[in-house]
Amino acid sequence: MTITSKPPQLLTTVELSPSFNLPIILVLGALGLMFIQPVVGAVIALFGLFLMIQAVLIKLKFTPVTLEVYRGDKLIRSFPYQQWQNWEIFWQPLPILFYFKEVNSIHFLPIIFEPKTLKDCLEKCFPKNN
């Protein structure tokens with residue numbers, strides 16, 4: 001069951017550019033935290049570095065019928081829009097998390113992609129009913 005009856009309005013494939021905002025903020029925040037809580041700061045810094053590497057390696061491509069996830073040039077998974085029920089981008093001042101729900105599963109992805117293009121593609125491929 002989907003929320004929309006409109007067909008996707010995306011006519012070509014759009015590959016999202018990486019965004020390093022979230023990983024950089026995590027690493028910089030962790031550096032300051034290391035003076036107060038070294039172990040917690042180190043864990044957060046490692047997570048920020050992990051996200052930075054993922055931003056380089058993982059690619060999202062919006063096609064007219066699916067969202068495709070690539071590692072390098074290898075397709076890892078595709079998500080047909082016809083299976084989607086909902087999507088959301090959390091915390092608009094600094095988007096940090098992208099959520100979408102399919103008929104049988106839910107998915108969360110950190111925002112390691114250009115957030116404006118992500119939102120534009122989502123609105124074209126799976127418009128929300130307001």
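Colleague: Why is T66 called buried?

Modeller: This is a predicted model. In it, T66 has a relative accessible area of 12%. Buried means under 20%, so T66 is counted as buried.

Colleague: What does T66 touch, leaving out residues up to four places away in sequence?

Modeller: T66 touches K61, S78, F79, P80 and Y81. T66 itself lies in strand β3, residues 66-71.

Colleague: What makes the pair T66 and E68 a polar contact?

Modeller: Their side chains are joined at 3.5 Å. The cut-off is within 3.5 Å, so the pair meets it.

Colleague: How do you know that C121 and C125 form no disulfide?

Modeller: The sulfur of C125 is 5.8 Å from that of C121, its closest cysteine sulfur. A disulfide needs the two sulfur atoms within 2.5 Å, so this pair is too far apart for a bond. A search of the whole structure finds zero disulfides.

Colleague: Are these two cysteines, C121 and C125, buried or exposed?

Modeller: C121 has a relative accessible area of 4%, and C125 is at 3%. With the limit for buried at under 20%, both therefore count as buried.

Colleague: Which residues have the most contacts inside the largest nonpolar core?

Modeller: They are F62, L67, W84, W87, F98, L118 and L122, in a core of 24 residues. The elements giving two or more residues to this core include α2 (38-57), β3 and α3 (115-125). The most comes from α3, with four residues.

Colleague: What is L118 in contact with, apart from neighbours within four places in sequence?

Modeller: L118 contacts L16, L60, F62, I89, F98 and I111.

Notes: Residues are numbered from 1 along each chain as its sequence is written. This is a predicted model: local features need pLDDT of at least 70, side-chain atom pairs count only at pLDDT 80 or more; totals for chains, interfaces and linings use all residues. Side-chain values use heavy atoms; hydrogens and water are left out. Buried means under 20% relative accessible area, exposed over 50%, partly exposed in between (1.4 Å probe, protein chains only). A polar contact is a pair of N or O atoms within 3.5 Å; within protein, one must be able to donate a hydrogen and the other to accept it, and residues adjacent in sequence count only if both atoms are side-chain atoms. Contact means heavy atoms within 4.5 Å. A nonpolar core is a set of buried Ala, Val, Leu, Ile, Met, Phe, Trp, Tyr and Cys residues joined through side-chain atoms within 4.5 Å.
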